[in-house]
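Here's a quick briefing for anyone meeting this structure for the first time. Have a look at the sequence and the model, then read on.

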Amino acid sequence: MAAHKPVEWVQAVINRFDEQLPVKTGHQNNHTKVSTEHNKECLINISKYKFSHVISGLTNILKNVNNMRIFGEAAEKNLYLSQLIILDTLEKCLASQSKDCLRLDETMLVKQLLPEICHFIHTYREGHQHAAELRASASGVLFSLSCNNFNAVFSRISTRLQELTVCSEDTVDVHDIELMQYINVDCSKLKRLLQETVLKFKALKKPAQHAVINSLEKAFWNWVENYPDEFTMLYQRPQTDMADAAERLFDLVDSFAESAKRKAAVWPLQIILLILCPEITHIISREVVEESKANKKLFLESLRKALAGQGGSKQLTESAAIACVKLCKASTYINREDHSGIFLLVQSIVVDLKDLLFNPTKPFSRGAGSQNADVDLMIDCFVSCFRINPHNNQHFKVCLASASPSTFHFVLVNSLHRIITNSDLDWWPKIDAVYCYSGELRLMFSDTLSRVMQGLHTHAPLRMTPSLSFKEKMTTSLKFKEKTTDLDTRSYKCLLLALVKLIHADPKLMLHNPGKQAQETQSSTAELIAGLVQLVPLVNTAQLSQEAMEALLVLHLPETIELWNPQAPIETFWDISSLVLFLICKKLIGHQMVNSTEVLKWLREILICRNKFLLKNKECATQGSGIPICRQAQTKLEVCLYMFLWSPDTEAVLVAMSCFRHLCEEADIRCSADEVLVQNILPNYATFTEFASVSNIMATGRSTLQKRVMALLRRIEHPTAGNTEAWEDTHAKWEQDTKQILNFPKNKVEDGQEWINMTGFLCALGGVCLSQHSKPCGPTTYSPPMGPMSERKYSMVSVRSPTLQLEPQPPAPPLPPLKPPWAGSWTACWSCWYVVMRGWVYTSAPRQGAAGAGAQPGPVPHALQQAKEQHRTLLRHTGR
């Protein structure tokens, strides 16, 4: 079809994409999400060959979705999610657009797509949880659109500017002018914007002039951040036409700034226009300048006075701070080897700037509604000062001090994160210049974690094992714990999230412990990792939990594990990583995580990282592995994986089965190091290997999967602490669920499926688990929790004897008559009796191949068959 009717085939893919949007299908599950992503990738690939058709189809879908009438919170959420999916697909299709775009394509984009995108940017709903995402996504589409179709977007901006020069109305629409802050501009395109503005600025109304001033400033930063090499080259080879346009606009804006209010509005753009004139910045640094440059020198003097608090207006001081931060930031994109005069300007203002922004006794603030903008300004200043001189650490100490406002801590952490993640230019210093502050940052993390956990009404931050012998570190000079009312819970969460992201970005920053003893280094690492583990099971803070998992995963990379304690890496690995497994598996076993399947997937990645580290150190892989926590962790991991095998979530079952592979790989590495049989470490190694192999090929339904799982469980031959505990915990939950089913028989569906899976699990694993007599699985006499004695006397079994035997009874009495599940409590009796009988068969009757072909089972299989039939009939009656 694709070969003979390509247009029809492309349209079919577009229709399929449309049909699977959340606004059409409702809430998305994992399957529909994967399908939607697959359709999106198909459209992106097809757009390389059928660009116009794909973009036109997506634009029509976007129009139709925007015009849909929806009711209810869930429907509104699905609408926003659908819009985000469409916009993201459009952005990626436009990014892969061929450079030699046809004129027809550009016309189509201008007439159809551009108005829709502008509508999103101009009319998004403030305050809605998806509003910011929608605007950012629409801005991304416009950015990609302008890469190859700049003329179309520029024409819209230019036309609007022309219209506003002859407009007589006081209220004007400036939305199209604001588009210039979202478009892709290189040096030549920025020059066109400046030249167009110079021609029309003076004739514009005041609102339009303000819009131009704000938008041009952002367009400049789009250019610098996307084309830093071009900006650097500007200071190596100045461009006369660029400088001419910038200087002319500076003069126009300067004449516009008559009052203090207008000066405050234009100063940030004026400093940028001066930056675009390298020769002028060099000239005005002299004592005496020519008359044509006098207004530039006067501007800089006014800027310095306002920054020092001598400007006579708080508004001018704030504007001077913004302009000076922009000057510092721009200077970091210029190579110092160019000996530019801009660095002389920076040196003349940087001290006053830091005193204004990082003054703990008088924090910088522009008002109640500007907190986020103030924080962004401080972060820009912090990062720029670091890049200008990484060894001037005065502002570091101010931001770390316990007496400083909490905002300073947030600025510090986010600035460090930006330094780590954004280091594009060769001359920018790296984060290792501030590794000396690792101890203070760990202390800040520990205190912030404690406050967040207290705010969530949970237990205090957990410690690792007593064997690690932590020292009390809270007596240092930075006593963060003395603060009690600095931040509310929400602010602490934001700071904690920033700290976790910082660990994720560069774990070495938090693991740096120069000159410390091995035990102290291990203790600090253990405390850091313990704090992250505590965040994983948090229910109401999904982003914090996810970031904590990502940070722990990075900390478990082989090269990072070696930094946990460089003097004893193997021993430290077994001590700390084992407790991580133990604690996480304990939470998973206790069903304390809403996103348990995702956590299990993450746990699989942790196991992979552990094995990579052990393989890298295979010669001494078992060194230090004999500690109790190591054995406890293996047991809990086995319990966890076993108990996920009866989950009603097929994906969780398959992930648990695949985890057995990594458990086997670890056993292989350890056995290779000690030259012992693998069964000494993992008695059921062979069956675990089969679980792992089945997880790769299993692509069937839930029922078939459970049958395969139960068949493999019946092959387990060796009772271990892991499978015994899993059986006991499952049995305890099974009893609770049985009561629920009997008391509320109509509440079926997932609970019923889980109960069925647990029943099969107990049957399949009961034989090997109940055969243990050294550690009994229950009381001397087992009986179901419900039902009168007359109904359960035939199901009582002794489990204390070495081999399970039925209590002395008359020969095979008839089974009780079957009743509906709501008629009494015998359901639990028969199901429980079936479980124990199953265990009896596997412990008392010879196994296949155990005693030769002639081995004969005892008399129990007939009774077992009766129980099985009763069990099947029970399931039919309960609708399972």
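Which charged end sits over the ring of Phe154? That would be Arg192, whose charged end is 4.3 Å from the centre of the Phe154 ring. Keep in mind as you go that this is a predicted model. The notes below walk through charged pairs, ring pairs and one well-enclosed helix.

**Charged pairs**

- Overall, the count of salt bridges comes to 28.
- One of them brings together the side chains of Asp88 and Lys92, at 2.8 Å from N to O. These two are 4 residues apart in helix H5 (residues 73-95), so about one helical turn separates them. That fits a general pattern: an α-helix has 3.6 residues a turn, so residues three or four places apart point the same way. As for Lys92, it's partly exposed, with a relative accessible area of 35%.
- Another salt bridge joins Lys329 and Glu225, this time at 3.2 Å from N to O. Lys329 sits in helix H16 (residues 314-331) and Glu225 in helix H10 (residues 206-226), so this pair ties together parts that are 104 residues apart in sequence. Lys329 is buried because its relative accessible area is 17%, under the 20% cut-off. Glu225, at 40% relative accessibility, is partly exposed.
- Lys329 has a ring partner too: it lies over the face of Trp221, 4.6 Å from the ring centre.
- Lys636 and Glu725 also meet in a salt bridge, with 2.7 Å from N to O. Here the link is between distant parts of the chain, with Lys636 in helix H29 (residues 628-644) and Glu725 in helix H33 (residues 721-743), 89 residues apart. Both ends are tucked away: Lys636 is buried at a relative accessible area of 15%, and Glu725 is buried at 18%.
- Some salt bridges share partners, and in this way Glu247, Asp251, Glu290, Lys293 and Lys296 are joined into one network.

**Ring pairs**

- For aromatic pairs, the count is 22.
- Take Phe150 and Phe154: their ring centres are 5.6 Å apart and their planes are at 25°, so this pair is stacked. You'll find both residues in helix H8 (residues 150-165), 4 residues apart, or about one turn of the helix. Phe150 is buried, at 5% relative accessibility, and Phe154 is buried as well, at 9%.
- Phe358 and Phe382 meet in another way. With ring centres 6.2 Å apart and planes at 70°, the pair is edge-to-face. Phe358 is in the loop between helix H17 (342-357) and H18, while Phe382 is in helix H18 itself, and the pair links distant parts of the chain, 24 residues apart. Phe358 and Phe382 are both buried.
- What cluster do Phe358 and Phe382 belong to? Ring pairs link them with Phe386, Phe396, Phe408 and Tyr437.

**A closer look at helix H18**

- Helix H18 covers residues 371-388, which makes 18 residues. From its first C-alpha to its last, helix H18 reaches 26 Å, close to the 26 Å expected at 1.5 Å a residue.
- How many of the 18 residues of H18 are buried? The number is 13, so H18 is largely enclosed by the rest of the structure.
- Phe382, from the edge-to-face pair above, is in helix H18 and is buried.

Technical notes. Residues numbered from 1 in each chain as written. Predicted model: local features only at pLDDT ≥ 70, side-chain atom pairs only at ≥ 80, totals over all residues. Heavy atoms only, no water. Salt bridge = Lys/Arg side-chain N within 4 Å of Asp/Glu carboxyl O. Buried < 20%, exposed > 50% of the residue type's maximum accessible area, 1.4 Å probe, protein only. Expected span 1.5 Å × (residues − 1). Phe/Tyr/Trp six-rings, centres within 6.5 Å; stacked < 30°, edge-to-face > 60°. Lys NZ or Arg CZ within 6 Å of the ring centre and 35° of its normal.
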